[in-house]
Amino acid sequence: MKERFWQTKSLLEMNDQEWEALCDGCGLCCYRKILDGYGKHERIYFTRIACNQLDLTSGKCCNYPRRFELEEDCTKLTKQNLPDFSWLPKTCAYRLLYENKPLFDWHPLISRDPNSVKLAGIPIQNGIHEADVIEWFDHVIEDL
Ligand code: SF4
Ligand code: SF4
């Protein structure tokens, strides 16, 4: 990969290796959202409810090769679904670049340290698995 490739290439121009390298591994996209209301009153609520396949400590998927088989709403981020990226957290590199914003200094591509995401306090600390939740609205958190 070329140095600072994300500053010279658009998301659509990136190759597979560059595209994958954009993911900082924060795991935030594996937490459930609640879509409430309709039309202009529609609102998305972020929650601390994690997909059952998520390792709450590492923020990694425990069943990555079987993720689409096990979780029907697990979404692969692709160039084709770029316009839907507004549901991603504001810190996510795909959303940032889609919105023409710079990456944060703690992104591993800049810090060159995979731990910098955790050190910056990005992952959710008090996640709970979906299987352990009764009332979803009890677990709404601030917008990510
Ligand atoms: S929110 Fe974005 S950066 Fe974080 S794990 Fe998901 S795709 Fe990767
Ligand atoms: S199945 Fe999908 S949503 Fe669930 S933890 Fe794995 S990658 Fe995340």
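**Exercises: a buried lysine, a buried glutamine and the cysteines**

K33 is buried (under 20% relative accessible area, 1.4 Å probe, protein chains only). K33 has no salt bridge (a side-chain nitrogen of Lys or Arg within 4 Å of a carboxyl oxygen of Asp or Glu). The nearest side chain of opposite charge, D73, is 9.1 Å away. This is a predicted model, where local features need pLDDT of at least 70 and side-chain atom pairs count only at pLDDT 80 or more. Residues are numbered from 1 along each chain, and side-chain values use heavy atoms, without hydrogens and water.

**Exercise 1.** Find which backbone oxygens the side chain of K33 reaches.

*Solution.*
- Step 1: place K33 in strand β1, residues 31-36.
- Step 2: the side chain of K33 reaches the backbone oxygen of Y31 at 2.7 Å.
- Step 3: a polar atom of that side chain lies 3.5 Å from the backbone oxygen of C29.

**Exercise 2.** State where Q53 lies, whether Q53 is buried or exposed, and which side chain Q53 meets in a polar contact (N or O atoms within 3.5 Å, one able to donate a hydrogen and the other to accept it; residues adjacent in sequence count only if both atoms are side-chain atoms).

*Solution.*
- Step 1: Q53 sits in the loop between β2 (43-50) and α3 (67-70).
- Step 2: its relative accessibility is 14%, so Q53 counts as buried.
- Step 3: the partner is the side chain of E71, at 2.9 Å.

**Exercise 3.** Count the disulfides (cysteine sulfur pairs within 2.5 Å), then classify C92.

*Solution.*
- Step 1: the structure holds zero disulfides.
- Step 2: C92 has a relative accessible area of 11%, so C92 is buried.

Terms used
Chains lettered and ligands numbered in written order. Helix = DSSP H or I, 4+ residues; strand = E, 2+ residues; numbered from the N terminus. Buried < 20%, exposed > 50% of the residue type's maximum accessible area, 1.4 Å probe, protein only. Lys, Arg positive; Asp, Glu negative; His and termini not counted. Disulfide = S-S within 2.5 Å.
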